[in-house]
Amino acid sequence: MFSQLTQDLRYGVRTLLKRPGFTAAAILTLAVGIGACTAVFSVVHAVVLQPLPYPQPERLVMIWETDKSGEKSNVGYPTFADWRTQSHSFEAMSAMSYWSPTLSGAGDPQAISGASVTADFFRVLGMRPMLGRDFTSDDDHPNAARVAIISYELWQKSFNRDSSIIEKPIQLNGVARTVVGVMPPDFQPLLTPFNKRVDIWRPLGYEAGSERKLQIDD
């Protein structure tokens with residue numbers, strides 16, 4: 001059996017060497033397929049197989065609305081506000097949406113991954129900043145002072161782990177936001193697309209009776 005296997009391998013190698021174009025296409029296809037499978041498994045492993053990296057992860061859930069086809073869809077802020085005030089099934093509820101700012105003034109301008117969250121977002125997860133403070137209810141309303149909390153990775157990469165960054169402004173999309181906190185290095189975002197890390201968080205700043213975000217200039 002071993003001899004037959006060796007002969008088959010040799011024949012396969014000779015065939016591939018005779019057709020380099022086909023060989024290159026086959027290798028590229030295998031590489032893409034293996035890479036895609038690895039990426040999907042990494043996400044499934046982190047999100048489904050391993051418990052969420054927060055205190056009491058078994059008590060955390062995510063909820064959405066569904067459209068007419070049954071697919072998940074975004075939730076308007078008034079709907080979330082109704083859920084939070086009328087629900088008796090949850091101890092606390094927080095909302096988040098995705099944000100893609102450009103950071104300038106800390107080296108070359110760079111696009112970073114952000115999230116807009118309600119003020120109690122980190123408290124709902126049972127987490128707190130490593131440096132500085134958490135968001136407060138005063139931060140999370142229209143026309144509040146613009147503040148942000150940054151990830152440990154962003155603090156390390158763009159600000160050289162300078163603790164004096166707390167209470168200093170940084171430029172995001174040309175608008176100044178004051179850094180009030182830095183998250184610990186082991187903090188993970190909550191089920192963002194493809195488990196992508198988040199570099200920065202800001203308060204949502206929504207008005208409860210409106211679908212429109214009032215702080216639209218940044």
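Which residue takes a positive phi in the hairpin of β9 and β10? Select the two residues between these strands: Asn173 is the one, with phi near 55°. The coordinates on screen are those of a predicted model, and the tour below starts from the whole chain before returning to this hairpin.

**Whole chain**

Show the protein chain as a cartoon. Five helices and eleven strands make up its secondary structure. The chain has 218 residues, and 33% of them count as buried. Now switch on the surface: about 13,600 Å² is exposed, with carbon and sulfur atoms supplying 57% of that area. If contacts are drawn between residues at least 6 apart in sequence, 63% of them join residues at least 24 apart.

**Strand β10 and its partners**

Select residues 175-182, which form strand β10. Six of its eight residues are buried, so β10 is largely enclosed by the rest of the structure.

Add residues 169-172, strand β9. β9 and β10 run antiparallel and are joined by four bridges. One position to label is Ile170, whose bridge partner in β10 is Arg177. The turn with Asn173 belongs to the hairpin of these strands.

Next add strand β8, residues 147-150. Here the pairing with β10 is parallel, again with a count of four bridges. Ile149 faces Gly181 of β10, while Ile150 has Val182 as its bridge partner.

Then add residues 131-132, strand β7, which pairs with β10 in the antiparallel sense over two bridges. Leu131 stands opposite Val182. Val182 is therefore a useful residue to centre on: it is the bridge partner of Ile150 and also stands opposite Leu131.**Strand β8 from both sides**

Keep β8 and show its side chains. In a regular strand the side chains alternate between the two faces of the sheet. Are the faces of β8 covered or uncovered? Both are covered, with Val147 and Ile149 buried on one side and Ala148 and Ile150 buried on the other.

Add residues 200-203, strand β11. β8 and β11 run antiparallel and are joined by two bridges. At this edge Ile149 stands opposite Trp201.

**The nonpolar cores**

Select Leu103, Ile150, Phe159, Ile165, Ile170 and Ile200. In the largest nonpolar core, which has 17 residues, these touch the most other members. β8, α5 (152-159), β9 and β10 each supply at least two residues of this core. Which element gives the most? That is α5, with four residues.

Centre on Phe159 and list its contacts, leaving aside neighbours within four places in sequence. The list is Leu103, Ala106, Ile150, Leu154, Ile165 and Ile170.

Another core lies apart from the one just shown. It has 16 residues, including Val117, Ala119, Met127 and Val147.

**The aromatic cluster**

A pair of aromatic rings is described by the distance of the centres and the angle of the planes. The pair count for this model comes to seven. Select Phe122 and Phe135: their rings form a tilted pair, 6.1 Å centre to centre and 35° between the planes. Phe122 is in helix α4 (residues 121-124) and Phe135 in the loop between β7 and β8, 13 residues apart. Phe122 has a relative accessibility of 0% and counts as buried; Phe135 is buried as well, with a relative accessible area of 1%.

Keep Phe122 and add Phe187. This aromatic pair is edge-to-face, with 5.6 Å from centre to centre and 65° between the planes. Phe187 lies in the loop between β10 and β11 and Phe122 in helix α4, so the pair ties together parts that are 65 residues apart in sequence. Both Phe122 and Phe187 are buried.

To see the group as a whole, select Phe121, Phe122, Phe135, Phe187 and Trp201, which form one aromatic cluster. Trp201 was met before, in β11 opposite Ile149.

**Helix α3**

The last stop is helix α3, residues 77-86. Show the side chains of Tyr77, Pro78, Phe80 and Ala81, which are buried. Why do they count as being on the same side of α3? They cover an arc of only 160° around the axis, which puts them on the same side of the helix. A view down the axis of α3 is a convenient way to check this arc.

Definitions and conventions
Residues numbered from 1 in each chain as written. Predicted model: local features only at pLDDT ≥ 70, side-chain atom pairs only at ≥ 80, totals over all residues. Heavy atoms only, no water. Buried < 20%, exposed > 50% of the residue type's maximum accessible area, 1.4 Å probe, protein only. Contact = heavy atoms within 4.5 Å. Areas by Shrake-Rupley, 256 points an atom, 1.4 Å probe, with all protein chains shown as cover. Pairing = 2+ DSSP bridges. Core = buried A, V, L, I, M, F, W, Y, C linked by side-chain atoms within 4.5 Å. Arc of directions from axis to C-beta. Phe/Tyr/Trp six-rings, centres within 6.5 Å; stacked < 30°, edge-to-face > 60°.
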